[in-house]
Amino acid sequence: MAEENPYQITMKKTFFYKFIPSKAEEEACKANNTQWIPTRKLIEIRDIYPAPKIDLKNPWQIKKRINRAEVVFGKIEIPFFETFEYILRYWNLSKAKSLVNGVRISVILWDVTEENDPKKYESGSIRFEMMYNDDYSLLCMPLFNDRGLRVDDEIGIYWDPRSSSFMFKLLSQVRGN
């Protein structure tokens, strides 16, 4: 029987949507002459499937090509599904709630492109935030500047639950003009 790592035991985060008002909420809306607005709340649930395993030989769970907006704003966009599946699983509920409520969370980012000389980014210059469309972004202008990231460069990212930080690697770089 394989030994299970404790950092792989997680609670899945999901949104609970409330589409039907309670009797009191319905009466309050009627009294104020307002319409009921469905709400959502971030909750944790037990997942019947284990968290995705991180293959330490190829850990890049999120791979993507950099687009123009990311270069201009110095941020890496991470889709909703990948954020919930590969990042928020390892965060505590309080921190995850802050993120989905619009708080920019300061995080640590390791650039491990040069495996023998990793570079650490922290001290508030690296932040993770929710975008207007429910996707997320990793604001990391210093990384873009230092690494010279350009449109169509391929990168890999994953959340390392052992160090509670993002890991970044430039997988392939487009040759400049």
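Partly exposed residues are those whose relative accessible area falls between the buried limit, under 20%, and the exposed limit, over 50%. By that rule arginine 147, with a relative accessible area of 21%, is partly exposed because 21% is not under 20%. The model described here is predicted. Its secondary structure comprises 5 helices and 11 strands, and a search of the whole structure finds 12 salt bridges.

**Overall build**

- The protein has 177 residues, of which 37% are buried.
- Along the principal axes, the C-alpha atoms fill a box of roughly 65 × 50 × 25 Å.
- Of the contacts between residues at least 6 apart in sequence, 63% join residues at least 24 apart.
- The accessible surface is about 11,100 Å², and carbon and sulfur atoms account for 51% of that area.
- There are 27 positive and 25 negative side chains, and the centres of these two sets lie 2 Å apart.

**Lysine 64**

- Strand 3, which spans residues 62–65, contains lysine 64.
- Lysine 64 counts as buried because its relative accessibility is 17%, and the limit for buried is under 20%.
- The side chain of lysine 64 makes a polar contact of 2.4 Å with the side chain of glutamate 70.
- A polar atom of the lysine 64 side chain also lies 3.0 Å from the backbone oxygen of glutamate 77.
- Leaving aside residues up to four places away in sequence, lysine 64 touches Glu70, Ile76, Glu77, Asp153, Glu154 and Ile155.

**Salt bridge between arginine 104 and glutamate 129**

- Side chains of opposite charge can pair when their charged atoms come close.
- Arginine 104 and glutamate 129 meet through their side chains in a salt bridge, with an N to O distance of 2.7 Å.
- This pair links distant parts of the chain, 25 residues apart: arginine 104 sits in the loop between helix 4 (93–100) and strand 5 (105–106), and glutamate 129 in strand 8 (residues 127–130).
- Arginine 104 has a relative accessible area of 45% and is therefore partly exposed, whereas glutamate 129, at 14% relative accessibility, is buried.

**Salt bridge between arginine 147 and glutamate 114**

- The closest N and O atoms of the salt bridge between arginine 147 and glutamate 114 are 3.6 Å apart.
- Because arginine 147 lies in helix 5 (residues 141–147) and glutamate 114 in the loop between strand 6 (109–111) and strand 7 (119–121), the pair ties together parts that are 33 residues apart in sequence.
- Glutamate 114 is partly exposed, at 43% relative accessibility, and arginine 147 is partly exposed as well, at 21%.

**Salt bridge between lysine 119 and aspartate 146, and a network**

- Lysine 119 and aspartate 146 form a salt bridge in which the closest N and O atoms are 2.7 Å apart.
- Here strand 7, holding lysine 119, is linked to helix 5, holding aspartate 146, and the two residues are 27 apart along the chain.
- Lysine 119 has a relative accessible area of 39% and counts as partly exposed; aspartate 146, at 46% relative accessibility, is partly exposed too.
- Asp111, Glu114 and Arg147 are joined into one network by salt bridges that share partners.

Methods
Residues are numbered from 1 along each chain as its sequence is written. This is a predicted model: local features need pLDDT of at least 70, side-chain atom pairs count only at pLDDT 80 or more; totals for chains, interfaces and linings use all residues. Side-chain values use heavy atoms; hydrogens and water are left out. Helices (H or I, at least four residues) and strands (E, at least two) are DSSP runs, numbered from the N terminus. Buried means under 20% relative accessible area, exposed over 50%, partly exposed in between (1.4 Å probe, protein chains only). Contact means heavy atoms within 4.5 Å. Accessible areas come from the Shrake-Rupley method with a 1.4 Å probe; for residues, only the protein chains shown count as cover. Lys and Arg count as positive and Asp and Glu as negative; His and the chain ends are not counted. The place of a charge is taken as NZ of Lys, CZ of Arg, CG of Asp or CD of Glu. A polar contact is a pair of N or O atoms within 3.5 Å; within protein, one must be able to donate a hydrogen and the other to accept it, and residues adjacent in sequence count only if both atoms are side-chain atoms. A salt bridge is a side-chain nitrogen of Lys or Arg within 4 Å of a carboxyl oxygen of Asp or Glu.
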